[in-house]
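I wanted to look at how two chains sit against each other, and then follow up a couple of spots that caught my eye. Notes are below, in the order I looked things up.

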2 protein chains.
Amino acid sequence: MSSITRRSLGVALSAVAASGVVGLPRPAAADSSPALPSWNDGPAKQAILDFVRRVTTSGGPDFVAPEDRIATFDQDGTLWVEQPVYAQAMFALERVRALAPSHPEWKSQDPFAAVLSGDLAQVAHFSEKDWTEIVGVTHAGMSNQDFQGLVKRWLETARHPRFERKYTDLVYQPMREVMDHLRANGFRTYIVTGGGQEFVRAFAQAVYGVPPEQVVGSSIATRYELKDGKPELMRLPKVFFVDDRDGKAIGINLFIGKRPYAAFGNSGGDREMLQWTGAGDGARLRMLVHHDDPAREYAYGPAGGLPDSKVGTFPDELMTEAKAGGWTVVSMKEDWKRVFATD
Amino acid sequence: MSSITRRSLGVALSAVAASGVVGLPRPAAADSSPALPSWNDGPAKQAILDFVRRVTTSGGPDFVAPEDRIATFDQDGTLWVEQPVYAQAMFALERVRALAPSHPEWKSQDPFAAVLSGDLAQVAHFSEKDWTEIVGVTHAGMSNQDFQGLVKRWLETARHPRFERKYTDLVYQPMREVMDHLRANGFRTYIVTGGGQEFVRAFAQAVYGVPPEQVVGSSIATRYELKDGKPELMRLPKVFFVDDRDGKAIGINLFIGKRPYAAFGNSGGDREMLQWTGAGDGARLRMLVHHDDPAREYAYGPAGGLPDSKVGTFPDELMTEAKAGGWTVVSMKEDWKRVFATD
């Protein structure tokens, strides 16, 4: 992978030192700021640093009380890779294959037949109804606890088809540094994802340092049941809440009840979250990750696009709105020294 | 009110000193523990103190990491008075009266006609459908922000029919001290209420020190709308989530994603929350406030009961389950030195 060739000893050393794992003295940084070491100097990095300085300057006009320092992050495509298929969709497809021996009828029954025959072109065009059927058999019929166990085990073994690494190794290091910088300045960092809330909770603490109560996501209904006198929450094949597009603003109010001061996304699904964030007074940071780096990751959105992909759409209108509204667009290619923590 | 006569100078002084408002030296306490000054010594107070000591004893068998120290509190009847009618229901009834001039048809249309004619016997027997209609016109058709403004203004002017005080003055001081003691020991205190989430958020920070993100409640659906380019969340006359009975366990998982170590309730609506709390390993505190004090507050549940009331039911089966399961039942009459912060 070309990204390997971009790795420099200096960056690797800074990351190790910043992680606190070893006690080496921090190498003299070429960069004047110790925060955001995987970011190139430029307007995006500057926007983050300026915003944090403004809202934490005691007595300043944009000071925000620590209890109101809320930042929200989309996950797929903003914190980790979402191409060529969402990790959660890969999980669902592999669950279908694992469950197939108990469901011989699936061989001749779409959408399952398409999954089992490996017809990825057809999978790429699955309708919402197809996905609802697949989620129904792969995400329901078990307790939340059992479901999280399945997700954790899957994440240990699954490998991304292009990068051949665990999905949790394909987290964007620069975004992790943004989370760290915000938290070091009193922010609470929430994930606000169109993906499944319990799916993301299964790894958010370990991978992002984000606890379950700070994961807002889509969910299916659950039913309270006593099994041998012990209560369980059983997952039902029924959508409860869709935390995407307008649902992200609704979900932020429902789960947090405070307006974020900073919000990070990468697609049309994050538009309302950024609008909602920007509608408050004072300094607000709204940021979109633009995937324009086919060598190290992917290119899609206004600069490229994978016509067959159903994910990560970044329509031209979004870029127009971002520019008109003073949102910050991050160029993965220009702004990020490295992409993955494991590069 | 008889409760006034129970107030002692000593208790009042301890409360002032504990509040930190004045710098007086703390009077020598008759009580060996500075925590929970409004509690009489007894098994309930001891259960709280023992539980907190166990889960905070570093290296002990029941130690709980600070990030997992979650306590959940029912509101109506557990943190403040719920008799003779929930405050939120009073708010709704008064909103109907305030809106009536614009709705002349209500004079002959139930359930509104019953409200406007002041027929409280009929109101006490309103069906769920009646209340849904009333909530539809009093809680919807405005933004969340405007709704919270209405609630705040109402709380400033409304008075409880018996105590003739603001509802926010009818918070149980002993429970406030439990919240304080838990928070002083690293717990996060959540309200988990069958009442409206946005209704309670309107005052939870000021009254209980509980921020919006720690209020889990029932909710109606909202719609994201741009008004003059500015986004608003408009409240719809449609139930979204009922945070009561099984809904409390579901809501705790949905909003917090961690199992509480302590849970406090007072009625059958809190049963599943306490069961869910107790199903975890280690030390768990489950507590029910028993209203057995008609002189200072009310008596209902197994020891008394207001047959016409639809609220605060504490069925005999709940007392049986509490005793069998090692839950702690708080006798308001025996365990509390005083009831209200303003006594």
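These entries go from the symmetry to the interface, then to one helix and one loop residue.

**Entry 1: symmetry.** First a reminder to myself that this is a predicted model. I laid chain A on chain B and got an RMSD of 0.0 Å, with a turn of 180 degrees and a shift of 0.0 Å along the axis. That is how a two-fold axis relates copies. I then asked which residue of chain A comes closest to the rotation axis. It is F255(A), with its C-alpha at 3.2 Å.

**Entry 2: the contact.** I looked up who takes part: 33 residues from chain A and 33 residues from chain B. I also checked whether the copies meet through the same surface or different ones. They use the same surface, because 100% of the interface residues of chain A are also interface residues in chain B.

**Entry 3: buried area.** Between chain A and chain B, about 2,800 Å² is buried, and carbon and sulfur atoms give 59% of that. I wanted the top three contributors on chain A, and they are E213(A), Y224(A) and L254(A), which supply 23% of the area that chain A buries against chain B, more than any other three residues.

**Entry 4: polar links.** I found four salt bridges across the interface of chain A and chain B. I noted down the one where the side chains of E213(A) and K258(B) meet, 3.1 Å from N to O. For polar contacts between the two chains, my count is 18 residue pairs, both residues at pLDDT 80 or more. On chain A, the elements that give two or more residues to the side touching chain B are β2 (188-196), α10 (197-208), β3 (215-227), β4 (230-241), α11 (246-255) and α12. Sorted by class, that side of chain A has 16 nonpolar, seven polar and 10 charged residues.

**Entry 5: helix α12.** How many of the eight residues of α12 of chain A (271-278) are buried? Six are, so the helix is largely enclosed by the rest of the structure. I listed the buried ones as E272(A), M273(A), L274(A), Q275(A), W276(A) and T277(A).

**Entry 6: Q214(A).** I found Q214(A) in the loop between α10 and β3 of chain A. Is Q214(A) buried or exposed? Its relative accessibility is 11%, so Q214(A) counts as buried, the cut-off being under 20%. Leaving aside neighbours within four places in sequence, I see Q214(A) in contact with R188(A), T189(A), Y190(A) and I191(A). I also checked V192(A): 22 residues from Q214(A) in sequence, and 8.4 Å away in space, C-alpha to C-alpha.

Key: Residues are numbered from 1 along each chain as its sequence is written. Chains are lettered from A and ligands numbered from 1 in the order in which they are written. This is a predicted model: local features need pLDDT of at least 70, side-chain atom pairs count only at pLDDT 80 or more; totals for chains, interfaces and linings use all residues. Side-chain values use heavy atoms; hydrogens and water are left out. Buried means under 20% relative accessible area, exposed over 50%, partly exposed in between (1.4 Å probe, protein chains only). Helices (H or I, at least four residues) and strands (E, at least two) are DSSP runs, numbered from the N terminus. Contact means heavy atoms within 4.5 Å. Buried area is the accessible area (1.4 Å probe) that two parts lose on being put together, summed over both. A polar contact is a pair of N or O atoms within 3.5 Å; within protein, one must be able to donate a hydrogen and the other to accept it, and residues adjacent in sequence count only if both atoms are side-chain atoms. Ala, Val, Leu, Ile, Met, Phe, Trp, Tyr, Cys and Pro count as nonpolar, Asp, Glu, Lys and Arg as charged, and the others, Gly among them, as polar. Copies are superposed by least squares on the C-alpha atoms of residues with pLDDT of at least 70 in both.
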